[in-house]
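Thanks for coming, everyone. Let me put the structure up, and then I will walk you through it.

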Amino acid sequence: MLFILLRQFDADPVGVIITLAVVVASLLAAVTFHEFSHAVAALRLGDDTAHRLGRVTLNPMRHLDPMGSMMILFAGFGWGKPVPVNGAVLRPDPRSGTAIVAAAGPVSNILLAAALAVPLSIGLLGEGHRTFTFFHGNLSDLPGYVVISIISWNILLAVFNILPIAPLDGFKVAVGLLPRNASNVFAKTERFGPIILIVLIAVGLFTNISILWTVIGPVVNALEAILLSGYAV
């Protein structure tokens, strides 16, 4: 994504700078709220590990993972700094509690996107696009553009993280929700998760085939269409 923006710098430097600034701000908001929600959920369910480490905060510097942030900029997929969780003390039980804490991140991103879609749908913000694109409008369109960007990145982060591949949230959700025997078998795939994820991302970076986007793209597009259905372009 970053390379695509930079290729347009000579033609529209102002547009590139605005787009890049909005993308960075949107990522900060999405990742911070995502990890903050993990920490809050863990605290509510009886684990104060993240709280003691200062993770129950909306300060983005507490939640950013350098590699995860770079991957989002370059590949369009990434992650924040994992929130430490002591599953043994979670309510109602370790398996269910861990699944709830894991699900809290993606769910919070969808809820934030839904909340931000309201002012667009009722016409409080200016014209723009239903999906996030390169900024080439008037500065009067910037507020709506920023909100669309935050909505889009929150949806993308949520859908990507719900994939059942370790270390993404979806893996822990699946381990917590599957029947005990199936969960134990599935949990053994955890060590292969990062390798699978790296391969999938690398294929998208170095070829014209994005397996990840093929999987999550329809869900991302459907959620954007639902949340922004009342937004008049």
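Start with Pro92. Find it in the loop between H4 and H5. Look at the bond that leads into Pro92. From Arg91 to Pro92 the peptide bond is cis, and its omega is near 0°. Why point that out? Most peptide bonds are trans.

Before I go on, one caution. This is a predicted model. Please keep that in mind throughout.

Now, where is Pro167? Pro167 sits in the loop between helix H6, residues 142-161, and H7. The peptide bond from Ala166 to Pro167 is cis, with omega near 5°.

Pro167 leads us to a pocket. Which residues lie nearest the centre of the second largest pocket? They are Pro82, Pro167, Leu168, Asp169 and Lys172. In total, 20 residues line that pocket. The space inside is about 440 Å³. Rolling a probe the size of a water molecule over the atoms shows where empty space is left. Which helices contribute to the lining? At least two residues come from each of these: helix H2 (13-44), H5, helix H7 (169-177) and helix H9 (193-206). As for chemistry, the lining has eleven nonpolar residues, six polar ones and three charged ones.

Next, the loop that runs from helix H4 (66-75) to helix H5 (94-121). Trp79 is in that loop. How exposed is Trp79? Its relative accessibility is 25%, so Trp79 counts as partly exposed. The cut-offs that matter here are under 20% for buried and over 50% for exposed. What does Trp79 touch? Leave out residues up to four places away in sequence. Then the list is Asp65, Met67, Gly68, Ser69, Met71, Ile72 and Ile201. Now take Asn161. Trp79 and Asn161 are 82 residues apart in sequence. In space, their C-alpha atoms are 7.8 Å apart.

On to another loop. Phe192 lies between helix H8 (180-187) and H9. Phe192 has a relative accessibility of 40%, so Phe192 is partly exposed. Its partner for a distance check is Ile165. The two are 27 residues apart along the chain, and 8.6 Å separates their C-alpha atoms.

Two helix residues now. Ile17 belongs to helix H2. Is Ile17 buried or exposed? Ile17 is exposed, because its relative accessible area is 52% and the cut-off for exposed is over 50%. Ile17 and Phe135 are 118 residues apart in sequence, with 9.2 Å from C-alpha to C-alpha.

Arg7 is in helix H1, residues 2-7. Arg7 is exposed too, with a relative accessible area of 65%. Compare Arg7 with Ile151. They are 144 residues apart along the chain, and their C-alpha atoms are separated by 25 Å.

Let me step back to the whole chain. How many helices and strands are there? Ten helices and zero strands. Read from the N terminus, the order is α-α-α-α-α-α-α-α-α-α. How compact is the chain? The radius of gyration is 18 Å, and the globule rule gives 17 Å for 233 residues. Those values are close, so the chain is as compact as a globular protein of that length. Along the principal axes, the C-alpha atoms fill a box of roughly 55 × 40 × 30 Å.

What about contacts along the chain? Count those with a separation of 6 or more. Of these, 68% join residues 24 or more positions apart.

Last, the surface. Of the 233 residues, 42% are buried. The chain exposes about 11,900 Å². Carbon and sulfur atoms supply 70% of that area.

To recap. The model is predicted. Its chain has ten helices and zero strands. The bonds from Arg91 to Pro92 and from Ala166 to Pro167 are both cis. Pro167 is also among the residues nearest the centre of the second largest pocket. That's my tour.

Key
Residues are numbered from 1 along each chain as its sequence is written. This is a predicted model: local features need pLDDT of at least 70, side-chain atom pairs count only at pLDDT 80 or more; totals for chains, interfaces and linings use all residues. Side-chain values use heavy atoms; hydrogens and water are left out. Helices (H or I, at least four residues) and strands (E, at least two) are DSSP runs, numbered from the N terminus. Buried means under 20% relative accessible area, exposed over 50%, partly exposed in between (1.4 Å probe, protein chains only). Contact means heavy atoms within 4.5 Å. On a 1 Å grid over the protein atoms alone, a cavity is a set of points where a 1.4 Å probe fits but cannot get out, and a pocket is an open set with protein on both sides within 12 Å along at least five of seven lines; lining residues have an atom within 4 Å of a point. Grid points are joined across faces, edges and corners, and a volume is the space filled by probe spheres set on the points. Ala, Val, Leu, Ile, Met, Phe, Trp, Tyr, Cys and Pro count as nonpolar, Asp, Glu, Lys and Arg as charged, and the others, Gly among them, as polar. The radius of gyration is taken over C-alpha atoms; the globule rule is 2.2 Å times the number of residues to the power 0.38. Accessible areas come from the Shrake-Rupley method with a 1.4 Å probe; for residues, only the protein chains shown count as cover.
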